[in-house]
Amino acid sequence: MARLIAVTGATGNQGGSVAKLLLQSPNEYRVRALTRNPDSEAAKELAKLGAEIVKADLTIASDIAPALRGCWGVFAVTNFYDPKILDDPVSEERQGKDLAKAALEENVQCFVWSSLPSSSKLSDGKLISRIYEGKHHVDNYIREIGLPATFVFTGNFYENWVFRGHVHYDKEKDVVEFRQPIVLPQSKLAMLYVEKDLSAIAKAIFDNWESKREQLHHAYLYACNARLSPTEITSAIEKISGKRAIYTVLPSSGVPDRDTMFELYNSVGMYPGKEIPDENVLKLGVKLHSVENFIRDRLLPHLGLQPKT
Ligand SMILES: NC(=O)c1ccc[n+]([C@@H]2O[C@H](COP(=O)([O-])OP(=O)(O)OC[C@H]3O[C@@H](n4cnc5c(N)ncnc54)[C@H](OP(=O)(O)O)[C@@H]3O)[C@@H](O)[C@H]2O)c1
């Protein structure tokens, strides 16, 4: 019988990508999409694709256990940028812990937690971003309570270029402009094509959980295909689009914790010392997608441009 997987953030980028990939294997998986708003277009689209839509607000602890009831697996992500969290940054940690606690109570067998490491540890206490800390504290809690889980460290999303408008095409100047706060032109970020690769990694964990449980239980998998600097990214855009591409560093994102995160990238990098791509991801049979793939599939259509080659 197909296993039931609850997906948080299912109407967003990470959860949506995972939900949509799992829905393509109806003999293996059924998807329960958690959302605060079952009437949103994104929720309706998931319902059309076959997901069960369940109303749950992760800030209301009592919503969570009923929403996970009967689920074999959970893909769990929290959104630091949600207004409720931005106004109360410890809310992200609380949401993650409440999710983990409810998953344990509901006997969930495989919990995939979208996480980030401790910025404090990485920077010797110098650069502390709650975007990182909140998620990291949930890892510790998951281990403490003994929830069967895998931690996925996510890269910087290629999708930011489209969803956050970091890249745009100036028709008059005939130039593609890549603008990002704080990140210096030579700073290399570990990059992730969420739609294609995070989804595949989450599915691979669910697929392999029973046969490779020893390797996956409380393991860390790095969801990133390559380390790339803005300079390398503008070169890739130029090569594929045939347009001149320029990079501009903006002074601030407007979110202090996000600025600190970018300063962390400039100072110690992302996942320092870790070989990217992660061999343990490749061993699960996941084929990662490249910057070229994202530029061709998503960026150029978004900009209204054609690939040169
Ligand atoms: N951008 C990057 O490069 C990057 C890199 C690594 C990690 N991250 C992390 O990614 C996370 C955001 O993920 P995303 O980009 O997939 O988000 P997203 O596309 O903005 O979607 C946010 C999702 O979270 C759900 N959500 C928010 N608050 C909720 C609540 N209280 N209860 C239930 N659901 C809630 C929303 O569901 P409804 O609105 O339908 O309820 C929506 O599905 C952030 O925490 C960020 O730190 C981002």
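**A three-stranded sheet and helix H9**

Let me begin with an open sheet of three strands, which has the order S7-S10-S12 and mixed pairing, where two strands count as paired if DSSP finds at least two bridges between them, and where strands (E, at least two residues) and helices (H or I, at least four) are DSSP runs numbered from the N terminus. Its edge strands are S7 (156-157) and S12 (226-228), each pairing on one side only.

Before going on, I should say that this is a predicted model, in which local features need pLDDT of at least 70 and side-chain atom pairs count only at pLDDT 80 or more, while totals for chains, interfaces and linings use all residues. Residues are numbered from 1 along each chain as its sequence is written.

Strand S10 (residues 189-192) runs antiparallel to S12 and is joined to it by three bridges; Leu189, for instance, has Leu228 of S12 as its bridge partner.

Now to helix H9 (residues 194-208), of whose 15 residues twelve are buried, so the helix is largely enclosed by the rest of the structure. Buried here means that 20 or more other C-beta atoms, placed from the backbone, lie within 10 Å of the residue's own, whereas 12 or fewer would make it exposed and anything in between partly exposed. The buried residues of H9 include Val194, Leu198, Ile201, Ile205 and Phe206, but also Glu195, Lys196 and Asp197.

Turning to the whole protein, the secondary structure comes to 14 helices and 13 strands. Buried residues make up 44% of its 309 residues, and the C-alpha atoms fill a box of roughly 55 × 45 × 40 Å, taken along the principal axes.
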